[in-house]
Amino acid sequence: MTIHRMIIGVTAVVLLVGCQAARPSISLEDAQQLATEFRAEGFTPPVRTIAGYRAGLSDLLGQFDSDCDLDRQYRVQRLQSFANAATSGSTSSKQRAAVGLLGIAEKEFAYGNFKDVINATKQAFSGLGAKGNQVRQAVMMTQLGRMQATSGDYSGASTSFFRASERWKGAGEGWVDKPQGRMMVHAANASIARMDGDLPAEEYFLREVLKLPVGNGGYYAMNEDEITARLSQNLVLQGRFVEAELAAKQMATIPPEEGSYDTFVFVNTVLSFGALADALYVQNRYDDAAYMARVTINRHYKQCSNPDGIPLVEAWRTLFKALGAQGKWDEIQDVLTILMRDMEPLSDRFEDLFAANPDILLARALGVTDGGADDNLIRDVDAALVAGLVTDDENAPVIMELKLIKAIALYRAGRADLAMNAFHGSMIAYLNNAYTQNGSTKAGGGEGRAEYFRQAYMEFLSSQQGRTAAQNIGVSAGHELFRIATLIPSGKVQKSFMASAARAAAKDPVLAGLVRQAQDLNEQILNAVDFLAFLETATLDQVDPKQLRSIRERIVLLNGAKETLDKETLDRFPDYADLMNPKAPSIDDFRDNLKPGEAALVIHTTTDQTYIWAIPKRGETAFAMIDIRRDGLADIVDDLRLALDPKNITSLLDIPDFDVVKAYGLYQLLLEPVQAGWKDARNLIVVAQGPLGLLPFSLLPTEPVSLPVSGVGNGLLFAKYRDIPWLARSHAVAILPSVSTLKALRSSSVTSVARRPFVGFGDPYFNVLQASLADQEALVQLAALSPQDGAEGLLRSVPQTRAVDSATLGLLPRLPDTRSEIMAIATALGADMKRDVFLGRDASEANAKSRDLSGYKVVSFATHGLVPGDLNGLTQPALALSSPLVTGDDNNDGLLTMGEVLGLKLNADWVVLSACNTAAGDGQGAEAISGLGRAFFYAGTRALLVSNWPVHSAATTELMTALFSIQNDNATVGRSEALRQTRTHMIDTAVYKNSDGSDAFSYAHPIFWAPFVIVGDGGTQ
């Protein structure tokens, strides 16, 4: 790698050009090589919990000690005394004072005392004189430049780096080849790269600093935690969250003695605590992030940091974000009381740093503790809007959030007319922006906060139906309710779904490729937007207008390139814009895309109530507003799932009875009030989010019913369920992630190329022992439970990795029954067993990614579906494939992650995720449809078959065989209808056979026939 010699050889003389920082150029190839080398040499994912921190640290927020004011005064006086000593006396004494000042400055910087440190360093430098020791002056100016860059004074940093370069020249070019010189030069280059927004270059130089003796004492000493914290922040901005956590944890050690707060080690460590809190937050580990933010604040208190110092301010901001993401608005109010108490002597700084914080303002607007909004809040929001939060973009997410907070405040204050205008003018645009762009933003509130705004507006609209506030601006409150409720309720799924559908709708392969290029370029734009969002929400001390302009210019450049591609696309494909950026749909628009015989059930739940629309192809829409909260529905769903996802069962008789009475009660609650809109249809399209996404509607009884007391009906276990009037008997059901996706589905078509029937991956080996025993054809750690009552097994196991502190791929249990499942589907579809079936060692990540999957109609993965946190370092949903220790593949980790699925190219009618619980969401409960499904839509499938709970292996093989036989025998049968027919077969006739051929039990219990649902297009191939 030549980058090391290139940078070291020239940096001393080209750090700056004039007074502008020269960009330390790092090629894409060098950056990629750096990342590869780092992972190969030293990357081991961190353990998946912070149990050690919770056991060894306290997160109780206290307050500054009564002696902290004296302590800060003493530190400032000591700093100033060294600065004064550096300006008087002999040359040697001034240089000794300058060296002492550098050591104190490093520590003081961690306290957040940026202003005094920078002023003292400037004073000391001026006292050294032009003819002083060039190395010491170069070191001082390099450190000053780094401090100025960190504090946001980029103009001052450029001047300091220029002065440093002149001193490095005077010291001789050979000096920079010494470890101390290289350390200083790399640190300077890292700051220059950060000022220029070049994150890969900054990462490179920070890692180069950490390779050298950072803390070797004297005036060469550097705060290793500050460098590590910056590296962690850099990795967060690059979207490499696990690596960011690992970097922070390397330095965020628990002090050996709780009383050792005055040690330099402790001062350093608190910076890494703050970096760890940020790294946890961006992984959606909000509770852990809030804990570490409190720990960081607590430690800043104990070391008497500056109340308005950037490290402490950023810890407060992370705490507010983490609490807001959990909806803990009352806790934000409590924490805000503590913060205002501590910053009372600095009221002006509080206004600058926190008055416009969206989480704080939203907590006040929701009025959790005081019962409502007041004029003071409205005044504060107006002031924040005037301040503009360092951005002049009226459509910036943070500005639009402030406008919506004002709307909520006006509503709570009883000013309906003003609230209606404020809501109506911003809500649609904000939701579109929050989901299509800010949904991936790492620095903002993202989709979580957007849902609070949506709910507040819906609550307001419900209160205004037929009232003058809505009529005055020509808005139908009922119509507006539908538009708001259905505007991308599952944003990330929507984005991936629309991208896939748009490419499929293009029909022309060349055009489809052009669309994909534009979409991939948009991802680069989002990364730049993320970085800009980070800067715009930073403290005022950190923001430099020149840097904001530089990043905006980069976004403009990228947007220009994308616009060129978009124009070419729109000229050839006029419908593309509507597919990718769908307008908030009206009921009539949605109805236009339904087919004869179809009806849609659209259900939106909030924390207070549930809204239901039943929209037929022809006829009147039925609407109902039900007084049941989201948590109430969640309780019902949880109760019903007790019989579908039972724990610790050892025999068939342990499977609980399904509560058909409660299931019918749910039918009465949700479907019966709007049955006029859907009952006459044959095919139902369901759009539901939240807890309802975890329960297939097909298992709801449509008539009053009760089960016989006996566990056996008609002489066969579970046969008593054959007489239940399930919805599955009368209606075929498919699920959509949002109403907007229907138009994309109806525009989508299969690319006209020859396709093979099936490709499947199953029964991977997760460790060497499994592979060895499989080679010996021995049984090992089956996911199915022990045989009993004539069954060869019960349910495939869910990986129990959450119970351990550290979990790796090798801990997963093997799923040997998936081998027969894959072979059964392959046989039903007439696939080539040798060419298109990958089992055991061959069920590898390399085979999945290298295979041209665009040439298959059906793609199946029969393995564990994992969600973030299941394994160390896993921050994306993933499919577990054979371990590299088994395959000998050093280039892959055995996990086909969501990000890697996005890179696949599919042209599939089905993707079957016959894994355990792949429809259970992405680990945070944000979406019922798996993040894996999100990625497969983007990659190019029209429908997913996913499971809602751990499945029975033999029943799944029976179900898959029947389903694909029906599809293969009659191409006119749609996917959802084929699944309906399969379900009735499983209920009415399918049984499990004992080894002697006798019937063991029926598959009529919904645990066997109901786990799989179709997401996407339920129509024909």
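This section describes the overall composition, the confidence and one internal cavity of a predicted model.

The chain comprises 1021 residues, of which 60% are buried. Its secondary structure amounts to 42 helices and 20 strands. Among contacts with a sequence separation of 6 or more, 75% join residues 24 or more positions apart. The exposed surface of the chain is about 38100 Å², and 51% of this area is supplied by carbon and sulfur atoms.

Confidence in the prediction is summarised by a mean pLDDT of 77 for the chain, with 74% of residues reaching 70 or more. Residues 435-445 have pLDDT below 50, although this stretch makes 38 contacts in the model beyond near neighbours in sequence. The pLDDT is likewise below 50 over residues 489-493, for which 17 such contacts are found. Predicted coordinates should not be read in detail where pLDDT is low.

Analysis of the interior identified 4 cavities of 30 Å³ or more. The second largest cavity encloses about 60 Å³ of space. Its lining is formed by E106, F109, A110, R146, M147, T150, N223, E226 and L271. Helices α5 (91-110) and α7 (134-151) each contribute at least two residues to the lining of this second largest cavity. By residue class, the lining of the second largest cavity consists of 4 nonpolar, 2 polar and 3 charged residues. The charged residues of this lining are E106, R146 and E226, while T150 and N223 are the polar ones.

Note on methods:
Residues numbered from 1 in each chain as written. Predicted model: local features only at pLDDT ≥ 70, side-chain atom pairs only at ≥ 80, totals over all residues. Heavy atoms only, no water. 1 Å grid on protein atoms, 1.4 Å probe; cavity = no way out; pocket = protein on both sides within 12 Å on 5 of 7 lines; lining within 4 Å. Points joined across faces, edges and corners; volume = space filled by probe spheres on them. Helix = DSSP H or I, 4+ residues; strand = E, 2+ residues; numbered from the N terminus. pLDDT = per-residue confidence, 0-100. Contact = heavy atoms within 4.5 Å. Buried < 20%, exposed > 50% of the residue type's maximum accessible area, 1.4 Å probe, protein only. Areas by Shrake-Rupley, 256 points an atom, 1.4 Å probe, with all protein chains shown as cover.
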